[in-house]
Amino acid sequence: MVVPLSGGQSTAVFLLIAASREAPGPLSAAAPTDRVGLLDQAMAFLWLLSVWLLVPGTQGTEDGDMRLVNGASANEGRVEIFYRGQWGTVCDNLWNILDANVVCRALGYENATRALGRAAFGPGRGPVMLDEVECTGTEPSLANCSSLGWLKSRCGHEKDAGVICSNETSGVHVLDLSGDLPDALGQIFDSQQDCDLFIQVTGQGHGDLTLCVHKLILNTNPEAQALQQAVGRSVLMRVDAECMPVVRDFLRYFYTRRIEVTMSSVKCLHKLASAYEATQLRDYCGRLFATLLPQDPSFHTPLDLYAYAQATRDSVLEELCVQFLAWNFEPLTQAEAWLTVPTALLQDLLSNSELAVSSELDLLKAVDQWSRESGVSHADIERLVEKVRFPMMLPQELFELQFNLSLYQGHQALFQRKIMQALEFHTVPFSVLIRYRGFNLTEDIYKPRLYTSSTWSAFVTARSSRSRDVQMYNYGQYYSYGYGSRGQYSPYQSFQTPQHPSFLFRDRLISWSANYLPTVQSCWNYGFSCTPDELPVLGLTKSGYSDSSIDYENKVLMLCGGYSVVDVTNFEGSKAPIPSALDTNSSKISSLFPCTSGAFSSFHVVIRPFYLTNATDLE
């Protein structure tokens, strides 16, 4: 094996060779015993040298040092950390953007744009050094974060953590209400002198902090109403331990009316602003949560924010969390956090028609797995099963539920009723269902969700590429949507779907053509009429059977980085708009959740047929 030598290693080898050439007398002239001794010494020295040469990159390295390995560029790769003379990996359990920020900043970058798991940059070798790492985002190394401890992981290398770092400051958001206020106000706070109100900050056993402010300055800022009403010369401020690092910035905001908010500080600043009636800062942080949600592939952040929204009765944030988790439901079910999803949240998710999943059967299997670990009541399970859309499963799948689902035996009567209802949907013509059975086919259970299997969808990209370009570094291992076989992806896709989910239409196929249209010329090429303002846009055409009782509500999933769904748009006629990935004040509406890559290049076109209950021809 050839090992690249550093400058110091090359010098050592040169000196060894030179010394061997200049040694007095050949070995052949020495006595036999001396010759053996010299050979033993030479072999021992060469062995030590070979060990030194075969462990490159460890000279001067200290415990807790980190590096990125196997990335396409220096700012990305598998995370490795040094401990006791060797490099090892980090398990992706609890891995999120706060942990990734610690790695990136330690390596000289501004922040992390992605925290990746499932060996996104390939599996490593050697020991898994750390597991269940939980950082606040301010530590100098992962070694300083909470974890199971060194070498206590049971992870395999298929769960190695990775990051993508950036020197862009897009992760820093600035609320600036300062107007013509002088910078000197901030310097007055920084001096911590001549104050008349002292604030004792306690972090619940994690160390206290004493700061002081000036009432005269606070009285000029409506954001500081709560502190203005303080009685006496001292105030006790109780904060969560994780929020201690941002208290000083929060109080300084009352002076300067300007504050920088990062993804690692937004939740704490929102808490403080809510507690102390800083309404403009609270609302600003609330809007930033949409940016925070897609940045944690472990889903701990969305689930944590959902619990926080419920505790603070923030209905807007709660709806935001539910929408994001519904659009990214399938990767949620594959994450370790899935088994911690609260019952109320799962109930909301199963009620959502814009829930993205490969199939209804896969959804039911995920609920089955969740139920085995959740320990919820019999009644709660039945309420969840009622939300499952059994008519969207094929007759064969319905029959096999009794053999393949642990939930079936404990809820047999409910399953039999739901299966019978679904079989009627699959075998009785639409007109008969309406006329004799009194089916209300406008109910959600008779309508498809966002099914991403190849039966009902197609994957379209902004440019022709192989799957490696679309699912860069095997991100698809983390998010197994079933986007199709690995192969050639294209801005133009032809595919077929059944005319309707009912088994009666199993042999009636509709042909579809989906197109990514970036220019007016490309629109003309594929028979679409486009204006420059709406470009780029997605086009969709169909051919085949026509049925007056069936219509379509087709959708497009906007994928950020090729894997995370950050928006869903409708096909109005034959075209669907592509929103702006970032809030850039363009003529296009922005995606609900910002995409830090800056533009969308991957799309999932989903076909959604449904019965027209007001159709005149029911025969």
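This is a conversation between a trainee and a mentor about a predicted model of a protein.

Trainee: What makes up the protein, in helices and strands?

Mentor: There are 22 helices and 25 strands. Of its 619 residues, 48% are buried. Among contacts with a separation of 6 or more, 70% join residues 24 or more positions apart.

Trainee: Let's talk about charges. Why are E242 and K271 called a salt bridge?

Mentor: The N to O distance between their side chains is 3.6 Å. The cut-off is within 4 Å, for a Lys or Arg nitrogen and an Asp or Glu carboxyl oxygen, so this Glu and Lys qualify. The pair links distant parts of the chain, 29 residues apart: E242 sits in the loop between β10 (234–238) and α7 (247–256), while K271 belongs to helix α8 (residues 266–275).

Trainee: And why can such side chains pair at all?

Mentor: Side chains of opposite charge can do so when their charged atoms come close. By the distance rule, the count here comes to 18 salt bridges.

Trainee: How do you know that E242 counts as partly exposed?

Mentor: Its relative accessibility is 42%. Buried needs under 20% and exposed needs over 50%, so E242 falls in between. K271, at 22%, is partly exposed as well.

Trainee: What makes R282 and D283 a salt bridge?

Mentor: Their side chains come to 3.1 Å, N to O, and the limit is 4 Å, so the Arg and Asp meet the rule. R282 has a relative accessible area of 31% and D283 has 37%. Both values lie between 20% and 50%, so each residue is called partly exposed.

Trainee: D368 and R372 pair too. Which helix holds them, and how many residues apart are they?

Mentor: Both lie in helix α14 (residues 360–374), four residues apart, about one turn of the helix. Their salt bridge has an N to O distance of 2.8 Å. That is within 4 Å, so the name applies here too.

Trainee: Are D368 and R372 each buried or exposed?

Mentor: D368 has a relative accessible area of 4%, under the 20% cut-off, so D368 is buried. R372 stands at 51%, over the 50% cut-off, so R372 counts as exposed. Elsewhere, salt bridges that share partners join R67, R78 and E80 into one network.

Trainee: On to the strands. Why are β1 and β2 said to pair?

Mentor: Pairing asks for at least two bridges, and strand β1 (residues 66–69) and strand β2 (residues 76–83) have four, so they pair, in the antiparallel sense. One example is M66, whose bridge partner in β2 is I81. The two strands form a hairpin with six residues between them, and N70 in the turn has a positive phi of about 75 degrees.

Trainee: Which residues of β1 are on the covered face?

Mentor: M66 and L68 are on the covered face, with R67 and V69 on the uncovered one. In a regular strand the side chains alternate between the two faces of the sheet.

Trainee: What makes β9 and β10 edge strands?

Mentor: Each of them pairs on one side only. They belong to an open sheet of three strands, in the order β9-β8-β10, with mixed pairing. Strand β8 (residues 197–202) and β10 run parallel and are joined by five bridges. In that pairing, V201 has M237 of β10 as its bridge partner. Helix α7 lies across β8, β9 and β10, at about 5 degrees to β9.

Trainee: How do you know that β17 and β18 pair?

Mentor: Seven bridges join them, where at least two are needed, so β17 and strand β18 (residues 509–517) pair. They run antiparallel, and Q496 stands opposite S511 in β18. They are part of an open antiparallel sheet of four strands, β17-β18-β19-β23.

Trainee: Finally, what lines the largest pocket?

Mentor: Its lining has 39 residues, of which L98, T136, S264, S265 and C268 lie nearest the centre. The space in the pocket is about 990 Å³. Elements that each supply at least two lining residues include α7, α8 and β11 (258–262).

Technical notes: Residues are numbered from 1 along each chain as its sequence is written. This is a predicted model: local features need pLDDT of at least 70, side-chain atom pairs count only at pLDDT 80 or more; totals for chains, interfaces and linings use all residues. Side-chain values use heavy atoms; hydrogens and water are left out. Buried means under 20% relative accessible area, exposed over 50%, partly exposed in between (1.4 Å probe, protein chains only). Contact means heavy atoms within 4.5 Å. Axes are lines fitted to C-alpha atoms, for helices over the stretch in contact, and angles run from 0 to 180 degrees between N-to-C directions. On a 1 Å grid over the protein atoms alone, a cavity is a set of points where a 1.4 Å probe fits but cannot get out, and a pocket is an open set with protein on both sides within 12 Å along at least five of seven lines; lining residues have an atom within 4 Å of a point. Grid points are joined across faces, edges and corners, and a volume is the space filled by probe spheres set on the points.
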